Amino acid sequence: MQCPLLYRYRVIDKLPEPASPAAARGTLVHTALERIFDLPAEQRTPEATIGLLPEQWDQLVAQEPELAALCDGDEGVPDLTKWLADAGDLVQRWFTLENPMFLEPAERELYVEAECEGLTLRGYVDRLDVAPDGRLRVVDYKTGRSPSELFEGKALFQMKFYALVLWRTRGVIPTMLQLVYLKDAQILRYEPVEAELVATERKMQALWAAIEVAARNGDWRPKKSRLCSFCHHQDVCPEFGGTPPPLPDDALERALNPPSRRAAADGAHQLVPAPTQVKAAAETS
Ligand code: SF4
């Protein structure tokens with residue numbers, strides 16, 4: 001929860017946000033990288049993967065028609081050909097990093113969920129590779145650039161979250177966490193240890209406690225950061241001279257029971273209360 005007010009706007013007020021080209025392209029590319037493994041290994045070529053893009057895009061637009069505006073060729077907006085070509089470039093870059101002909105994922109788009117001391121942690125893992133000896137490798141695709149050293153820890157937090165959930169559900173700590181950055185063709189690898197996953201669990205508990213306090217007090221303060229440049233709610237943010245709308249009557253209920261959702265792309269992870277707990281929930285993506 002980088003900004004409590006943004007959490008409120010997304011989870012409680014559910015203020016609409018325009019479709020994000022980066023998120024939509026990310027979803028498209030993720031889908032192609034998932035579907036290519038439906039083909040026999042020898043057919044998993046760059047051409048075959050890029051060939052999946054038009055049909056996958058049509059399906060995404062059928063589900064969310066407003067996405068079509070992201071590549072309608074209007075002022076400053078790419079046309080469909082350019083849109084698909086840009087997605088194709090990301091796919092091409094993936095082939096410089098990994099070769100799906102020699103990979104047999106155990107799972108793709110794997111929904112994971114685990115109860116950790118009263119909270120339910122859940123998320124979607126892009127790919128899970130399992131070695132013959134049982135070692136796990138968690139792979140997540142990112143369509144953006146790799147982070148600088150300063151921000152590597154933040155990027156890895158999501159992966160440690162997945163590792164924690166897998167550890168809790170399978171009893172095995174993943175050997176390798178692997179972030180694949182397609183924009184600049186980089187791979188970030190990390191070998192987690194038990195103490196870090198325990199620390200991740202504690203952070204989740206602390207985050208949840210902070211959200212519960214904010215929800216019970218109705219105190220959703222803005223927290224200015226680099227994130228503000230990407231925030232669509234500056235007009236109702238006090239940091240930018242705006243005034244937040246009144247809290248809905250059922251704000252507490254909404255804050256503590258957000259519906260499960262899959263983020264558009266590039267990973268999603270959530271924590272919610274275990275069924276036996278008082279209603280409460282938090283989203284960390
Ligand atoms: S503009 Fe910044 S401080 Fe305001 S709600 Fe958005 S992220 Fe938070």
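**Strands, helices and a ligand shell: what the labels rest on**

Analyst: Leu128 stands opposite Val138 in β3. Keep in mind as we go that this is a predicted model.

User: Thanks! How do you know that β2 and strand β3 pair, and in which sense do they run?

Analyst: Pairing takes at least two bridges, and 4 bridges join β2 to strand β3 (residues 136-142). The count meets the cut-off, so the two strands pair, and they run antiparallel.

User: What makes β1 and β2 a pair?

Analyst: The test is again at least two bridges. Strand β1 (residues 107-116) and strand β2 (residues 119-130) have 9 bridges, in the antiparallel sense, so they pass. One of the matches is Leu110 with its bridge partner Val125 in β2.

User: Which residues take a positive phi in the two hairpins?

Analyst: In the hairpin of β1 and β2, with 2 residues between the strands, Glu117 has a positive phi near 45°. The hairpin of β2 and β3 has 5 residues between the strands, and there Gly134 has a positive phi near 95°.

User: On to the helices. Why are α5 and α6 called roughly perpendicular?

Analyst: Helix α5 (residues 149-170) and helix α6 (residues 194-217) pack at about 100°, their axes 9 Å apart. Angles from 65 to 115 degrees count as roughly perpendicular, and the two helices therefore earn that name.

User: Which residues meet there, and what makes up the contact by class?

Analyst: From α5 come Lys160, Phe161, Ala163, Leu164 and Trp167, which meet Glu196, Leu197, Thr200 and Glu201 in α6. By class, that contact holds 5 nonpolar, 1 polar and 3 charged residues. Lys and Glu count as charged, so Lys160, Glu196 and Glu201 fall in the charged group. Thr is outside the nonpolar and charged lists, so Thr200 is polar.

User: What makes a residue part of the shell around the ligand, and how many are there?

Analyst: The C-beta atom has to lie within 6 Å of the ligand. By that test 14 residues surround the ligand, the closest being Cys3, Pro222, Cys228, Cys231 and Cys237. Cys and Pro both count as nonpolar, so these five belong to that class. The shell as a whole divides into 9 nonpolar, 2 polar and 3 charged residues.

User: And how much of the protein chain counts as buried?

Analyst: Burial needs 20 or more other C-beta atoms within 10 Å, and 32% of the 285 residues of the protein chain count as buried. The chain's secondary structure comes to 7 helices and 7 strands.

How values were computed:
Residues numbered from 1 in each chain as written. Predicted model: local features only at pLDDT ≥ 70, side-chain atom pairs only at ≥ 80, totals over all residues. Axes fitted to C-alpha atoms, helices over the stretch in contact; angles between N-to-C directions. Parallel < 35°, antiparallel > 145°, perpendicular 65-115°, else oblique. Contact = placed C-beta atoms within 7 Å. Buried ≥ 20, exposed ≤ 12 C-beta atoms within 10 Å, placed from the backbone.
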